[in-house]
Amino acid sequence: MARDPDQGGAFVFDLVDDGADDPQVSFAGSGAGGGPGAEPEPDGRPAGDAPLRDRERYLRVLGPVAAVLAVVLGTGLAVEGVRDGARMERMRDVPGGVADVSRPLDEAWTWDGPVGWAGATGDDVWGTEAVVLGDRLVVPSGNELVALDPASGDVAWTARLGADPECGPLGSAGWGAAVARRLVCLTGDAADRVAVVVGPDGTVSAERVLDPADTERYGRPRPGPDGTVLRAQRVGPAPGPLPDGAGCDDMGECTGTVEEGRDVVLRAEDAVTGDERWSVTIPFRATRADQCANWGGDSWDGTVSNGLLNVEDFGAQVQDQLVQVYGCGVQSAVTPDGLVLGTRMEPGSGGVERLRSGGYAEYTFEGDLRTVLLDADGERVGEVEGYVLEPLTVTGPEAPTLMSAGGLGTRLASYALDGTPRWDVPAREGVQQFLAQVEGTAVMLAVPGSVLGVDLATGAERWTWDGGDPEGSSTGTLFVSRAFTDGRSVLLVVEDGSGAAGLTALDAETGEVVWERPPAAEDLTGDVWSGPVSGLLAVDGNLVEVVSSGARGLG
């Protein structure tokens with residue numbers, strides 16, 4: 001028995017008759033005393049008519065061979081099972097990885113409880129905030145943090161917090177997987193605010209009372225990344241009057257340029273000790289007046305401006321790996337180590353994103369759309385035309401790939417992480433999202449609702465799934481908001497304009513529909529469990545859905 005080199009892990013068997021040299025043993029059709037033209041046996045019986053004892057010996061010879069075959073073939077199945085197990089295990093560490101999406105998903109467990117914060121004034125805020133902390137799904141619920149086992153739905157731990165809690169970094173389920181190393185929570189009245197750090201196992205640090213004098217000195221505190229409390233405020237002399245022609249009318253139409261404004265200083269302090277980790281200045285830059293309009297209550301201090309234009313207003317989106325600061329004259333991204341990015345562009349003309357490789361993409365969408373690639377230290381490593389697309393989920397032995405679309409019209413280009421070109425091919429217009437990289441296939445989304453399978457090595461289009469006019473869709477156009485993979489199939493969250501959402505699983509290699517549950521009208525009945533919605537997260541290889549009234553596992 002040997003492995004066939006052309007069959008990968010297959011086995012080739014050579015069945016050898018141990019009794020072939022025994023003149024008393026013959027097998028019909030074997031060429032050793034049987035078959036056409038064979039001589040009769042010495043006792044006059046027809047050739048090939050072996051005596052009973054020879055048949056028994058034949059069975060004794062064949063029996064062990066059959067047993068070996070059964071064992072080895074069974075082992076082959078076991079090996080395949082081991083490979084499947086290894087693949088499923090690998091999916092636990094893959095962004096957007098799910099153990100198995102090859103069959104329709106059913107509800108595996110439910111957890112009923114409010115998702116959101118209980119406000120100090122009774123104005124409770126419910127939503128779909130959640131975070132992946134270690135291998136648990138953590139959601140805010142009233143005055144607690146609740147950690148759920150994603151496989152069973154069991155409550156792994158509960159962290160009880162004080163009044164008016166605010167924790168971060170959190171994210172909204174369905175808008176990308178929010179992942180954190182640890183959480184920082186601020187609780188208590190504004191004058192007696194305290195900070196604690198919550199670890200992946202639910203351990204809560206000792207409370208540190210925040211000095212109100214620090215709020216006056218550095219600005220309002222907010223939960224920051226990697227165990228920090230962030231503070232920010234405008235600094236410098238008050239700006240002068242607006243130049244002529246700069247302002248916004250009652251309809252919200254803004255014109256002109258704001259030439260003067262104040263810088264923002266962002267400070268990170270250790271949540272446990274209060275020691276400063278870093279402090280950076282984000283410089284004010286002249287900006288269009290529409291970038292200074294009311295941010296709708298998303299200001300750093302939580303206030304809402306009464307005017308349509310506020311040169312002092314600014315806010316931030318805090319993630320575990322990047323803090324996005326935006327406002328009148330200030331738009332930059334700050335890393336957890338205090339590195340300021342994005343200061344070379346005019347506010348409102350682009351942005352910065354963190355890449356899974358650890359580097360960053362700094363893009364501008366005014367004029368020719370271009371993307372500058374930066375390494376982890378913020379140093380420029382390359383520039384590409386178009387908007388860089390990174391896969392929502394990626395698996396397989398190939399190195400991660402970047403795509404660009406938008407700057408080349410109807411072309412699609414592939415790059416290494418340092419911007420080295422790989423290929424540039426014609427593509428259909430409207431490619432806008434890199435859904436998944438699965439083995440040798442790049443799965444792309446093009447409007448309106450078409451999903452493409454592109455050869456990762458050449459850019460050649462392998463297959464197309466057109467979800468633009470699905471049966472039962474109320475609008476005739478689908479948008480793919482999320483993608484997950486088990487290493488073989490790609491699971492797409494598809495939404496139509498009515499707000500309904502469905503699931504479609506495609507074979508990554510062929511594009512064939514493995515199974516689907518299209519958006520349906522009953523999704524709009526108000527029953528949150530009537531069908532799949534967009535609040536899906538992959539947690540430790542499990543698919544979990546989060547809504548304002550609880551969570552459920554799909555499997």
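This report walks through the fold, the core, a few sheets and an aromatic cluster of one protein chain.

What you have here is a predicted model, so local features are only taken up at pLDDT of at least 70 and side-chain atom pairs only at pLDDT 80 or more, while totals for chains, interfaces and linings use all residues. Residues are numbered from 1 along each chain as its sequence is written, and side-chain values use heavy atoms, with hydrogens and water left out.

**Confidence and overall make-up**

Let's start with pLDDT, the predictor's confidence in each residue, from 0 to 100. The chain has a mean pLDDT of 79, with 74% of the residues at 70 or more. Residues 1-82 stay under 50, and the model has 52 contacts for them beyond four places in sequence; a contact means heavy atoms within 4.5 Å. The stretch 521-532 is also below 50, with 25 contacts beyond near neighbours in sequence. Where pLDDT is low, the predicted coordinates should not be read in detail.

The chain has 47 strands and two helices. Those are DSSP runs numbered from the N terminus: helices are H or I with at least four residues, strands are E with at least two. Of the 555 residues, 46% are buried. Here buried means under 20% relative accessible area, exposed means over 50%, and partly exposed lies in between (1.4 Å probe, protein chains only). Among contacts with a separation of 6 or more, 48% are between residues 24 or more positions apart.

**The largest nonpolar core**

A nonpolar core is a set of buried Ala, Val, Leu, Ile, Met, Phe, Trp, Tyr and Cys residues joined through side-chain atoms within 4.5 Å. The largest one has 17 residues, and Val138, Leu145, Trp157 and Leu183 touch the most other members. At least two core residues come from each of strand 6 (129-133), strand 8 (144-148), strand 9 (155-160), strand 13 (183-187) and strand 14 (194-198). If you click on Trp157, its contacts more than four places away in sequence include Leu133, Val138, Leu145 and Val198, along with Arg136 and Asp201.

**Two open sheets**

Strands count as paired if DSSP finds at least two bridges between them. One open sheet has four strands in the order 28-29-30-31, with antiparallel pairing. Strand 28 (350-354) and strand 31 (380-385) sit at its edges with a single partner strand each, so one side of each has no neighbour in the sheet. Strand 28 is joined to strand 29 (residues 360-364) by five bridges, and Gly351 has Tyr363 as its bridge partner.

The other open sheet has five strands, ordered 33-37-38-39-40, and its pairing is mixed. Strand 33 (393-395) and strand 40 (461-466) are the edge strands here, each with a single partner, so each has one side left without a neighbour in the sheet.

Here are three antiparallel strand pairs, two from these sheets and one hairpin.

| Strand pair | Bridges | Bridge or facing residues |
|---|---|---|
| Strand 28 and strand 29 | five | Gly351 and Tyr363 |
| Strand 38 and strand 39 | six | Met444 and Leu452 |
| Strand 45 and strand 46 | four | Leu537 and Val544 |

In that hairpin, two residues lie between the strands, and Asp540 in the turn has a positive phi of about 55°. Strand 45 (residues 536-539) is covered on both faces: Leu536 and Ala538 are buried on one side, Leu537 and Val539 on the other.

**An aromatic cluster**

Rings of Phe, Tyr and Trp (its six-membered ring) pair if their centres lie within 6.5 Å; planes under 30 degrees apart count as stacked, over 60 as edge-to-face and the rest as tilted. There are three aromatic pairs in the structure. Tyr363 and Phe365 make a tilted one, at 6.4 Å centre to centre and 35° between the planes. Tyr363 and Tyr387 have centres 5.0 Å apart and planes at 85°, so that pair is edge-to-face. Since Tyr363 lies in strand 29 and Tyr387 in strand 32 (residues 387-389), the pair ties together parts 24 residues apart in sequence. Together, ring pairs link Tyr363, Phe365 and Tyr387 into a cluster.

How buried or exposed are these rings' residues? Tyr363 is buried at 16% relative accessibility, Phe365 is partly exposed at 44%, and Tyr387 is partly exposed at 24%.

**A buried glycine**

Gly219 sits in the loop between helix 2 (212-218) and strand 16 (221-223), and at 5% relative accessibility Gly219 counts as buried. Its contacts beyond four places in sequence are Asp214, Arg231, Ala232 and Gln233.
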